[in-house]
Amino acid sequence: MTRDVRQAGRFTPTYPRRAGRFALRVVSPAAALGVWQLLTSLNVDLWLRFSQFPTVADVARAFADRLSGPDYWTDLTASLTRILTGFLLAAVLGVATGVLVARSRLAEDTVGPLLEVIRPIPAIALVPVAILLLPSNEQGIVFITFTAAFFPVLVSTRHAVRALTPMWEEAVRTMGGGRLRILGSVVLPGALPGIFGGLSVGLGVSWICVISAEMISGQYGVGYRTWQDYTIVNYPGVFVGMVTIGVLGWVTSTTVELLGRRLTRWLPRTSYVPGARAPRQARGATNPPPSAPRTEEEAPHDQLV
């Protein structure tokens, strides 16, 4: 499927076009579902006990039944509301705190040690604190989600700001720019790649913690419903919840990735970017790009006549 093409004086591998890539993305999960159906329908028990698993057909029927009822959409709305509220709060406060700690020695000496003590504590371990501190379970779940995303965003923002080249800031100061101008035209744009890296990580951790918090103290939500199905030995329903969590996580993380790519269009794309198309050479142009002038010793004899 791949071949080598000589271009610009070197060999570069080509990859299937958009239709071929779409086919690969469809075939891969379809093959996994086929293997799952085969192993579970045959009750294969070698080392892994697939006889305990529901088949793909059982999960599909449970999914169809769940979609036709109101509980599924209520749980979906509750989980999305919790994750979006906590994550947006963590994004705003995490970026602000990261910039403050990276730019201010006073903030680093006063706030930094406290944050470093709290940061290693798993967010799900704060469930008892949330139950005691906040007046409702709903606020407690949002607090857990916020805590889970806050520290990845904070750490990535802090490192991204500290890694900026000092000459950019000096150039703005030379042209008469103040602190706000430096923050808006140098610090935040330069740190955007690192910030969105932290947002992607924080969103994934938030999904893990919000589902766990819903299992422990929730009344609605995908995590709560999945745990309820497990307690009544409804294994197809458990897999419905798992598939729902996976799809929701994939959609939200893809949204963050596309937004980050949109806001950092000015960055040079030196590596593979999903969905990006490589620039094509102009039609009929077969010559390599012009190189630097050669000396008389390097030039062929027929060009020196």
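Reader: Which residue does Glu-116 meet in a salt bridge?

Author: This is a predicted model. Side chains of opposite charge can pair when their charged atoms come close. Here the N-to-O distance is 2.9 Å, and the partner of Glu-116 is Arg-119.

Reader: Are Glu-116 and Arg-119 buried, exposed or partly exposed?

Author: Partly exposed lies between 20% and 50% relative accessible area. Glu-116 has 31% relative accessibility, so it falls in that range. Arg-119 has a relative accessible area of 36%, so this residue, too, is partly exposed.

Reader: Which residues are joined into one network by salt bridges that share partners?

Author: Two of the members, Arg-82 and Glu-214, meet in a salt bridge of 2.8 Å, N to O. Glu-138 belongs to the network as well. The full set is Arg-82, Glu-138 and Glu-214.

Reader: How many residues apart are Arg-82 and Glu-214?

Author: The side chains of Arg-82 and Glu-214 form a salt bridge. Arg-82 sits in helix H3, residues 70–103, and Glu-214 in helix H9, residues 179–217. The pair links distant parts of the chain, with a separation of 132 residues.

Reader: Are Arg-82 and Glu-214 buried or exposed?

Author: Buried means under 20% relative accessible area. Arg-82 meets that description, and so does Glu-214: both are buried.

Reader: Why are Arg-61 and Asp-58 separated by about one helical turn?

Author: The two residues form a salt bridge, with the closest N and O atoms 2.3 Å apart. Both lie in helix H2, residues 56–67. They are about one helical turn apart because their spacing in that helix is 3 residues.

Reader: How many salt bridges does the structure hold?

Author: The pair Arg-61 and Asp-58 is one of them. Arg-82 with Glu-214 is another. The structure's total is 9.

Reader: Which helix gives the largest share of the largest nonpolar core?

Author: This core has 48 residues. H2, H3, H6, H7, H9 and H11 each supply at least two of its residues. The largest share is 14 residues, and it comes from H9.

Reader: Which residues have the most contacts inside that core?

Author: Phe-150 is one of them. Beyond its neighbours within four places in sequence, Phe-150 is in contact with Ala-90, Leu-93, Gly-94, Thr-97 and Leu-115. The full group with the most contacts inside the core is Ile-144, Phe-150, Leu-199 and Trp-207.

Reader: What is the relative accessibility of Thr-145?

Author: Thr-145 lies in helix H7. Leaving out residues up to four places away in sequence, Thr-145 touches Arg-82, Ile-83, Gly-86, Phe-87, Ser-206 and Val-210. Thr-145 counts as buried because its relative accessibility is 0%.

Reader: How many aromatic pairs does a search of the whole structure find?

Author: A pair of aromatic rings is described by the distance of the centres and the angle of the planes. The whole structure holds pairs that number 8.

Reader: Why is the pair Phe-50 and Phe-53 edge-to-face?

Author: The ring centres are 6.2 Å apart. Edge-to-face needs planes over 60 degrees apart. The pair qualifies because its planes stand at 70°.

Reader: What is the angle between the planes of Phe-63 and Tyr-72?

Author: Tyr-72 is buried, with a relative accessible area of 11%. The centre-to-centre distance to Phe-63 is 5.9 Å. The pair is tilted, and the angle is 55°.

Reader: Which residues form one aromatic cluster?

Author: Phe-53 is a member. Phe-53 is partly exposed, with a relative accessible area of 39%. The cluster is Trp-36, Phe-50, Phe-53 and Phe-239.

Methods
Residues numbered from 1 in each chain as written. Predicted model: local features only at pLDDT ≥ 70, side-chain atom pairs only at ≥ 80, totals over all residues. Heavy atoms only, no water. Salt bridge = Lys/Arg side-chain N within 4 Å of Asp/Glu carboxyl O. Helix = DSSP H or I, 4+ residues; strand = E, 2+ residues; numbered from the N terminus. Buried < 20%, exposed > 50% of the residue type's maximum accessible area, 1.4 Å probe, protein only. Core = buried A, V, L, I, M, F, W, Y, C linked by side-chain atoms within 4.5 Å. Contact = heavy atoms within 4.5 Å. Phe/Tyr/Trp six-rings, centres within 6.5 Å; stacked < 30°, edge-to-face > 60°.
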